[in-house]
Amino acid sequence: MQKVKIPITLHPSKAAQHRLTYDGIVPLEKLSRLEQVVQEEAGEIAVKIHCKIDEQGLVVISGNLSTHVTVTCQRCNGELGLDLEQDFVYSPVGLDAESEHLPAGYDEVELDENGEINVFELIEDELILAIPIVPTHNETSCSYSSEPASFGKLAAKDDKPNPFDILKQLKKDS
């Protein structure tokens, strides 16, 4: 299949009626929120999108995303490469509406005032959710040092008497 340009917005019901399929690349520069999370300033996201109407008559937008990003390891502050691959299945709902009748495997995506969805925002949301909350290397490959990170000497603890020693004495006496 030939790689095509992924549209920024998509009218889901029209795309589903025509059973449109998109297989292309989205540049990382177009996803500003994702750029704030990752260290790269350039890169590509491979995107496949399929639009159809399912057996229940619902419009379905499904597909998958894959890319490689570099984030900061939260343990050693070094670079951590992540291969992200995410599958998604959405069904559009009207503006400010919720749909309780969607099957369990479908997520809802809200239509804008023109009856369209922003595909780039959908891709960006999926990739941000695919990144771990606290990205870290494996313990064996992390350059984190177990040496204490404090500087100077710590003050010694004062040996204060335990206030419960009196209770111990009372218990022994009775």
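Q: In which strand is the place of G63?
A: Let's start with a single glycine in this predicted model. Follow the chain to residues 59-72, a stretch that forms one strand, and you will find G63 there. That strand is β4.

Q: Is G63 buried or exposed?
A: A residue counts as buried when its relative accessible area is under 20%. G63 has 13% relative accessibility, so the label for G63 is buried.

Q: Which residues is G63 in contact with, leaving aside its neighbours within four places in sequence?
A: Some of the partners come before G63 in the numbering and some come after, so it helps to look both ways along the chain. The full set is K48, I49, H50, Q86, D87 and F88.

Q: How many Å apart in space are G63 and Y90, C-alpha to C-alpha?
A: Along the sequence, 27 residues separate G63 and Y90. In space, going from C-alpha to C-alpha, the separation is 9.2 Å.

Q: Where along the chain is S91 found, and is S91 buried or exposed?
A: S91 is part of strand β5, which covers residues 79-93. Its relative accessibility is 2%, and the cut-off for a buried residue is under 20%. S91 therefore counts as buried.

Q: Which backbone oxygen does the side chain of S91 reach?
A: Not counting residues up to four places away in sequence, S91 touches L58, V59, L102, Y106, D107, E108 and V109. With one of these, the side chain of S91 comes to 2.9 Å from a backbone oxygen. That oxygen belongs to V59.

Q: Which residue joins its side chain to that of T72 in a polar contact?
A: T72 is another residue of strand β4. Leaving aside neighbours within four places in sequence, T72 is in contact with Q39, N77, G78 and P135. The side-chain polar contact has a length of 2.7 Å, and the partner is Q39.

Q: What distance separates the C-alpha atoms of T72 and Q39?
A: These two residues are 33 residues apart along the chain. T72 itself is partly exposed, because its relative accessibility is 27%. Between the C-alpha atoms of T72 and Q39 the distance is 7.5 Å.

Q: Which residues touch the most other members of the largest nonpolar core?
A: This core has 34 residues. Elements that give two or more residues to the core are β2 (21-27), β3 (44-53), β4, β5 and α3 (119-130). The members that touch the most others are I6, L34, I45, V47, I49 and I123.

Q: Which residues is L34 in contact with, leaving aside its neighbours within four places in sequence?
A: L34 is one of the core members that touch the most others. Its contacts, with those neighbours set aside, are L28, I45, E124, L127, I128 and I131.

Q: How many salt bridges are there?
A: One salt bridge pairs R33 with E124, with the closest N and O atoms 3.2 Å apart. R33 also meets D125 in a salt bridge, at 2.6 Å from N to O. R33, E124 and D125 are linked in a network, and the count of salt bridges is two.

Q: Which helices hold R33 and E124?
A: The salt bridge between R33 and E124 ties together parts that are 91 residues apart in sequence, because the two residues lie in separate helices. R33 is in the helix of residues 32-37. In order, the helices are α2 and α3.

Q: Is E124 buried or exposed?
A: R33 has 36% relative accessibility and counts as partly exposed. D125 is partly exposed too, at 32%. E124 has 5%, so E124 counts as buried.

Q: Which residues form a nonpolar patch on the surface?
A: Together they have about 450 Å² of accessible area. One of them, L167, sits in helix α4, residues 165-173. The members are F164, I166, L167 and L170.

Q: How many helices and strands does the protein have?
A: Read along the sequence, the pattern is β-α-β-α-β-β-β-β-β-α-α. That corresponds to four helices and seven strands.

Q: What percentage of the residues of the protein count as buried?
A: The protein exposes about 12200 Å², and carbon and sulfur atoms supply 49% of that area. Of its 174 residues, the share that counts as buried is 33%.

Note on methods. Residues are numbered from 1 along each chain as its sequence is written. This is a predicted model: local features need pLDDT of at least 70, side-chain atom pairs count only at pLDDT 80 or more; totals for chains, interfaces and linings use all residues. Side-chain values use heavy atoms; hydrogens and water are left out. Buried means under 20% relative accessible area, exposed over 50%, partly exposed in between (1.4 Å probe, protein chains only). A polar contact is a pair of N or O atoms within 3.5 Å; within protein, one must be able to donate a hydrogen and the other to accept it, and residues adjacent in sequence count only if both atoms are side-chain atoms. Contact means heavy atoms within 4.5 Å. A nonpolar core is a set of buried Ala, Val, Leu, Ile, Met, Phe, Trp, Tyr and Cys residues joined through side-chain atoms within 4.5 Å. Patches are made of residues with over 30% relative accessible area and no salt bridge: like charges are joined within 9 Å, nonpolar side chains (Val, Leu, Ile, Met, Phe, Trp, Tyr) within 5 Å. Accessible areas come from the Shrake-Rupley method with a 1.4 Å probe; for residues, only the protein chains shown count as cover. A salt bridge is a side-chain nitrogen of Lys or Arg within 4 Å of a carboxyl oxygen of Asp or Glu.
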